[in-house]
Amino acid sequence: MSGVRAAAVYARISSDTEGKALGVTRQLEDCRRLAAQLGWTIAQEYVDNDLSAYSGKRRPAYQQLLTDVADGLRDAVICYHVDRLTRRPVELEQFVTTVDAAGVRQVRFVSGDMDLGTGDGLLIGRIMAAVAANESAAKSRRMRRKWEQTAAQGVPHGGSVRPFGYEADRITVRPEEAEVIRQLVARYLAGESLRSLCTWLTDQSVSTVTGGEWRSPTLRGLLRSGRIAGLREYRGEVVGPAQWAPIIDPADRDRVLARMAERVASGRRTPRRYVLSGLLRCGKCGGKLYASRRETSRRYVCLPGPDHGGCGRLTVVAEPLEAMLVEAVMQRLDGPELADTLAGRRSDSAAAELSDGLAGDQEQLDELAVMFGKQEISAREWRAAREPIERRIHDRQRRLSALTQTDALTGLPGNGGQLRDQWESLSLSRQAAIVGAVLDHAVIEAGQLGARSLDPSRVRAVWRL
Ligand SMILES: [Zn+2]
């Protein structure tokens with residue numbers, strides 16, 4: 001904990017051009033944000049409307065600040081930049097002397113990384129250096145502030161590289177890239193891994209905006225970005241609707257985030273090598289079967305020991321079992337029952353409800369942020385109010401993720417025949433996602449040890465759909 005309970009915030013308007021570029025409201029907003037980050041409680045905000053920066057004319061709020069600091073009423077000072085505090089070296093020395101004498105060790109500026117609360121001897125030197133550096137720093141500060149303003153207005157800010165899916169104006173959608181994004185999202189939600197999708201992009205000769213090959217981190221960044229769902233973000237947080245058109249539905253982005261969160265939680269990042277991994281049970285002990293590669297053949301086996309807990313007495317050869325169950329999945333996809341079940345599932349609108357709930361939660365968070373920005377609530381109240389909402393968001397994302405299982409089957413029922421033709425060309429993670437959406441698990445009964453073929457009567461499928 002910082003222990004700061006009575007911080008002073010100082011802001012100043014002046015007639016110079018820098019002052020015009022930097023309204024007092026924005027100075028205060030930034031100072032409050034810094035206080036919130038540091039966990040400091042603001043006791044008072046001191047604002048001077050000083051139209052003659054160099055005159056040395058008395059600034060009432062600044063004088064009050066010095067008096068309060070000297071009286072021990074303030075234990076920290078936050079200011080936007082050292083040039084807001086004062087511009088005259090003699091005043092800086094006076095400030096440093098007052099702060100030092102009062103034992104106030106915490107002086108922070110929003111702009112620049114100066115922490116004046118450490119090393120008394122360096123104090124004045126640092127401030128002087130900051131003043132000297134001010135002119136060159138001012139330009140980049142103005143730029144950053146401009147970006148923040150444009151972000152707040154939902155206008156895209158320029159950068160050297162255009163975003164994938166949009167033209168260089170950052171507004172106009174590129175239809176062919178938008179189509180790629182929609183396919184990527186659908187396939188990701190269908191269970192395909194990022195790595196497998198990168199391979200697909202390379203196969204399709206789709207390169208990144210800089211002409212490079214797609215890598216998982218880049219692709220993850222694209223899929224999780226608010227931009228493609230028509231949401232503007234500021235420092236990684238969605239702050240509202242944007243002026244550009246969405247390429248995907250915001251609800252689908254929620255699903256993508258849920259799926260990413262789930263993947264991190266389950267820690268399964270490596271590509272699977274067995275299409276039935278996790279879907280088979282031992283008929284002898286009920287334990288899970290694990291993929292196992294022997295010299296010549298792939299197998300699923302029951303493994304004993306503390307890690308696996310199986311009986312270790314059952315083995316089944318992988319290829320004929322996979323062929324059999326995949327065929328059974330395709331037959332189910334062709335059957336009328338499955339189409340009916342899926343139709344029912346989709347119309348029960350559970351996913352839509354969850355998405356609406358998520359949107360509502362996000363709105364509440366936005367409102368709270370605005371209230372905090374207007375100082376209607378304190379940083380502590382803001383944090384406290386956010387907590388239950390963020391818990392609810394997490395819970396909704398988790399349940400949404402569970403529902404997305406059936407997304408793997410979008411467009412598939414009634415198309416088992418077509419799927420059969422494509423099957424070999426699908427990636428393993430896509431195959432596994434389709435099988436896993438239809439098959440809950442299969443129990444494998446004991447068979448002849450070391451058999452190379454499969455007795456179909458050993459297999460009992462338990463269908464999810
Ligand atoms: Zn077993």
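This is a short dialogue on reading a predicted model of a protein chain with a zinc ion.

Me: Where do I start? How many helices and strands are in the protein chain?
Reply: Count the elements. The protein chain has 16 helices and twelve strands.

Me: What share of the 465 residues counts as buried?
Reply: Buried means under 20% relative accessible area. In the protein chain, 44% of the 465 residues meet that mark. The exposed surface comes to about 23,600 Å². Carbon and sulfur atoms supply 51% of that area.

Me: What do the contacts in the protein chain say about separation along the sequence?
Reply: Take the contacts with a separation of 6 or more. Residues 24 or more positions apart account for 66% of them.

Me: Which atoms are the protein donors of the zinc ion?
Reply: Look for the SG atoms of Cys282, Cys285, Cys302 and Cys311. They lie 2.2 to 2.4 Å from the zinc ion. Their spacing in sequence is C-x2-C-x16-C-x8-C. Cys285 and Cys311 link distant parts of the chain, 26 residues apart. Cys285 sits in the loop between strand 7 (280-282) and strand 8 (289-293). Cys311 sits in the loop between strand 9 (298-302) and strand 10 (315-317).

Me: Why is the arrangement around the zinc ion called tetrahedral?
Reply: Start from the ideal. Four tetrahedral donors have an ideal angle of 109.5 degrees. Here the four donor atoms subtend angles of 101 to 115°, so the arrangement is tetrahedral.

Me: Is Cys282 buried or exposed?
Reply: Cys282 is buried, because its relative accessibility is 2%. Cys311 is partly exposed at 24%. Cys285 is also partly exposed, with a relative accessible area of 36%.

Me: How many disulfides does a search of the whole structure find?
Reply: First the idea. A disulfide is a covalent bond between the sulfur atoms of two cysteines. The search of the whole structure finds zero.

Me: How do I read the faces of a strand? Which residues of strand 3 lie on each side?
Reply: In a regular strand the side chains alternate between the two faces of the sheet. Strand 3 covers residues 76-79. Ala76 and Ile78 are on one side, Val77 and Cys79 on the other. All four are buried, so both faces are covered.

Me: Which residue stands opposite Ala76 in strand 3?
Reply: Ala7 does. Strand 1 (residues 7-13) pairs with strand 3 in the parallel sense, over four bridges. Strand 4 (residues 107-109) also runs parallel to strand 3, joined by three bridges. There, Cys79 has Phe109 of strand 4 as its bridge partner.

Definitions and conventions. Residues numbered from 1 in each chain as written. Predicted model: local features only at pLDDT ≥ 70, side-chain atom pairs only at ≥ 80, totals over all residues. Heavy atoms only, no water. Disulfide = S-S within 2.5 Å. Buried < 20%, exposed > 50% of the residue type's maximum accessible area, 1.4 Å probe, protein only. Helix = DSSP H or I, 4+ residues; strand = E, 2+ residues; numbered from the N terminus. Contact = heavy atoms within 4.5 Å. Areas by Shrake-Rupley, 256 points an atom, 1.4 Å probe, with all protein chains shown as cover. Donors = N, O, S within 2.8 Å, 3.2 Å for Na, K, Ca; no water. Tetrahedral: all angles 85-135°; square planar, octahedral: opposite > 155°, others 65-115°. Pairing = 2+ DSSP bridges.
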